[in-house]
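Visitor: I should like to learn how to read the features of a protein model. May we begin with a helix?

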Amino acid sequence: MKEKELERLLELKKIEEELHQKGFESICGIDEAGRGPLAGPVVVAGVIMPKNSMIEGVNDSKKVSEKKRELLYDKILEEALSYSVAIIGQDVIDDINILNATKQGVANVVKGLDVRPDLIIIDALQHIDTNGIPYESIIKGDAKCYSIAAASIIAKVTRDRIMREWDEIYPQYGFSQHKGYGTAKHIEAIKEYGLCPIHRRSFTKNFINIVQPDTF
């Protein structure tokens, strides 16, 4: 590993090192992917990494290429002491709103861990159900904390794979390219073809005047 990358990883692990020194042994990082798109689920992931984990390239998923994220995904899961993923669909998002859907995903992730952590660190969420486990909410945590960055990669890769599968069913929307986000091409497709079953109705009402019937 190059010295510059080692320095970056050590900086990324600083907050967790301080928490370990305070006595927290097992720390779970949690992050989500897909709060902003017009279609598809929000995916929440949690991961407990070994204290000495130093996987080259781990970073905020938004700063990592799609190809590299796929490689890092496998390495993270190989090393993880425990991990959990929750997928909350568009119907739930429309029903309880994206913030509450994300919080539901967090609660599901915590329940899905087979190792109970001493502490949860999470990217910028408050008032969440962590099953009695203490948590710290860290603004821009995916760019500041190794475990949250690792969780962000798991969540992003999982969601991207889901959207690529949906692209095969509804190719007219281009889901494999934009992953459901509100790009100009996606909005044009919505106006031309109407909404498909995986569109979030609460997110797309501004882009279409007459919602066409679902095309199953």
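Guide: Certainly. Helix 5, residues 98-112, has 15 residues and reaches 21 Å from its first C-alpha to its last, close to the 21 Å expected at 1.5 Å a residue. Please keep in mind that this is a predicted model.

Visitor: Which residues of helix 5 are buried, and what do they pack against?

Guide: The buried residues of helix 5 include Ile-98, Ala-101, Gly-105 and Val-109. The buried residues of this helix pack against several elements, among them strand 1 (27-33), strand 3 (82-88) and helix 10 (201-204). At the start of helix 5, a side-chain oxygen of Asn-97 comes within 3.0 Å of the backbone nitrogen of Leu-99.

Visitor: How many salt bridges does the structure hold?

Guide: The structure holds eleven salt bridges. For a pair inside one helix, recall the general idea: an α-helix has 3.6 residues a turn, so residues three or four places apart point the same way. Here, Asp-160 and Lys-156 are four residues apart in helix 7, and so are separated by about one helical turn. The closest N and O atoms of their salt bridge are 3.1 Å apart. Asp-160 is buried at 2% relative accessible area, and Lys-156 is buried at 17%.

Visitor: Which parts of the chain does the salt bridge of Glu-70 with Arg-161 link?

Guide: In that salt bridge the closest N and O atoms are 2.6 Å apart. The pair links distant parts of the chain, with Glu-70 in helix 3 and Arg-161 in helix 7, 91 residues apart. Both belong to a network of salt bridges with Glu-66, Arg-164 and Lys-179.

Visitor: Why does Cys-28 form no disulfide?

Guide: A disulfide needs two cysteine sulfur atoms within 2.5 Å. The closest cysteine sulfur to that of Cys-28 is in Cys-145, 12 Å away, and therefore too far for a bond. A search of the whole structure finds zero disulfides.

How values were computed: Residues numbered from 1 in each chain as written. Predicted model: local features only at pLDDT ≥ 70, side-chain atom pairs only at ≥ 80, totals over all residues. Heavy atoms only, no water. Helix = DSSP H or I, 4+ residues; strand = E, 2+ residues; numbered from the N terminus. Expected span 1.5 Å × (residues − 1). Buried < 20%, exposed > 50% of the residue type's maximum accessible area, 1.4 Å probe, protein only. Contact = heavy atoms within 4.5 Å. Polar contact = N/O pair within 3.5 Å; in protein donor to acceptor, adjacent residues only side chain to side chain. Salt bridge = Lys/Arg side-chain N within 4 Å of Asp/Glu carboxyl O.
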